[in-house]
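This report covers the pockets of one protein model and the surroundings of its ligand. The sequence and structure come first, and the description follows.

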Amino acid sequence: MINDMQRAACKRANANGLPFAIWRDPFGADFTALISTSAPQLAPVFGGPAAPGFVMAPFSCEDGNLAWTFAADVLVSAGGARYRDGNALGPRPQTDEQAMLTDPQGPAIDRLEVPQGENPAPTERESYMARVARAVEKIGEGGCDKIVLSRIDPRDLPAGRDLLDLTEHLAQLHPHAFVCLVSSQETGTWLTATPEVLLARDAEGLRTMALAGTQWPDPETDIDSLTWPQKIIDEQAHVADFIRDAFAAEGFSDVEETAPYTVRAANLCHLRSDFRAPSGDGAALGRLLGQLHPTSAVCGMPKAPAMEFILQEEGATRRFYTGYLGPRDLGGATSLYVNLRSASVSGGKIFLHVGGGIVAASDPATEWEETVEKSKTIGAIL
Ligand SMILES: C=C(O[C@@H]1C=C(C(=O)O)C=C[C@H]1O)C(=O)O
């Protein structure tokens, strides 16, 4: 899955303080590794100069179309390495640094490890439940229909396990997910196994999804037999409304939409509907991304008061959790995923971020349970 050249390139990047990302697409077999030989820059995802790269944006940002952009200086896919030459990728290294990253005779590095950085405090059960109760109260006062809250669950990384091995294990456990390890000084190091597409563009056009509602049925359950309470059906419909409005506001027409259906994501099930639309020009896509991020699936509704409540309750602890990440302009496609079922890595610790949407009828104890179930996506490898 992660081949020897990809391992060597990521470890050498890490040892040399260079940014890298390594990911596996949903239902894909192979990983792709991308290494930058310079620091990531904040740049527009759509509408700027098109060059292959990897992008990552935080939850809270002024412009949803602005993301940390990791230039694809070296790209190692299952078929071999390619190297940046201007705004394209070519077969031969253009610099010594590019060559060093993939040189079969280059230095062997034992393990990929991340130095100690941030050390956020855990959110205890009582304090999370009190936070949920305050959100329900706020919704009851009017002005907000839904607020997505989250918490942090710090765990120890298994001693002696390489982060690349953990990433590979995560991918094996969750074939449906976009699985990614990304690291830079600007973003920190994040491990993700997300089921949620924020916005994807390829030759066939645009794709996104409205995902909401969570159940954790017995693994033997036939998911087609699952039913959803009306409050979840309504909540998912609101997320779909939000996406439909964003397309309409930016002038995208001929948007096709499916009816909601149940999908599995690890031990969880969600309610989802899919959107497809013809692509637009870069400026319109940038505005669409700005409208979509953060969606009501991870922030709430309406966006502004939900965001204000989240920042007041959680401070700035989310950082890149519920932001987005993914490859840009690679092989003619850009695939941005919501950074969910994700965790930041710092020294020997991994900080799981888990959350859920709160509506008027939410029960604090059940909301806590939901976050415990969501923590199992990454928890399963620890
Ligand atoms: C916020 C998370 O998940 C989001 C919230 C969901 C919900 O409220 O049911 C479902 C899917 C995601 O859009 C998370 O996984 O941390």
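## Pockets and ligand site

In this predicted model, 35 residues line the largest pocket, and those nearest its centre are Asp25, Pro26, Val197, Arg207 and Tyr337. The volume of the largest pocket is about 680 Å³. Its lining is made up of 17 nonpolar, eight polar and 10 charged residues. At least two residues of this lining come from each of strand E6 (74–77), E13, strand E14 (256–257), strand E15 (261–265), strand E16 (268–277) and strand E19 (334–338).

The second largest pocket has a volume of about 430 Å³. It is lined by 32 residues, with Gly213, Thr214, Gly357, Glu370 and Lys374 closest to its centre. By class, the lining of the second largest pocket comprises 12 nonpolar, 11 polar and nine charged residues. Strand E9 (146–156), E13, helix H5 (230–249), E21 and H8 each contribute at least two residues to it.

Which pocket does the ligand take up? The ligand fills the space of the second largest pocket. Strand E13 (205–215), strand E21 (349–358) and helix H8 (364–374) are the elements that give two or more residues to the shell around the ligand. Of these, E21 gives the most, with four residues.

There are 16 residues around the ligand, and the nearest are Glu196, Thr214, Tyr321, Arg341 and Gly357. The shell divides into five nonpolar, six polar and five charged residues.

Three polar contacts to oxygen atoms of the ligand are listed below.

| Residue | Protein atom | Distance to a ligand oxygen atom |
|---|---|---|
| Glu196 | side-chain N or O | 2.8 Å |
| Gly213 | backbone N or O | 3.2 Å |
| Gly357 | backbone N or O | 2.7 Å |

The ligand exposes 400 Å² when taken alone, and the protein buries 99% of that area.

Some residues recur in these descriptions. Gly357 is one of the residues that come nearest to the ligand, it supplies a backbone atom 2.7 Å from a ligand oxygen atom, and it is among the residues closest to the centre of the second largest pocket. Thr214 is likewise among the residues nearest the ligand and among those closest to that pocket centre. Gly213 also belongs to the group closest to the centre, and its backbone contact with a ligand oxygen atom is at 3.2 Å. Glu196, one of the residues nearest the ligand, makes its contact at 2.8 Å through the side chain.

Conventions: Residues are numbered from 1 along each chain as its sequence is written. This is a predicted model: local features need pLDDT of at least 70, side-chain atom pairs count only at pLDDT 80 or more; totals for chains, interfaces and linings use all residues. Side-chain values use heavy atoms; hydrogens and water are left out. A residue is near a molecule or strand if one of its heavy atoms lies within 4 Å of it. A polar contact is a pair of N or O atoms within 3.5 Å; within protein, one must be able to donate a hydrogen and the other to accept it, and residues adjacent in sequence count only if both atoms are side-chain atoms. Accessible areas come from the Shrake-Rupley method with a 1.4 Å probe; for residues, only the protein chains shown count as cover. On a 1 Å grid over the protein atoms alone, a cavity is a set of points where a 1.4 Å probe fits but cannot get out, and a pocket is an open set with protein on both sides within 12 Å along at least five of seven lines; lining residues have an atom within 4 Å of a point. A molecule sits in a cavity or pocket if more than half of its atoms lie within 2 Å of its grid points. Ala, Val, Leu, Ile, Met, Phe, Trp, Tyr, Cys and Pro count as nonpolar, Asp, Glu, Lys and Arg as charged, and the others, Gly among them, as polar. Grid points are joined across faces, edges and corners, and a volume is the space filled by probe spheres set on the points.
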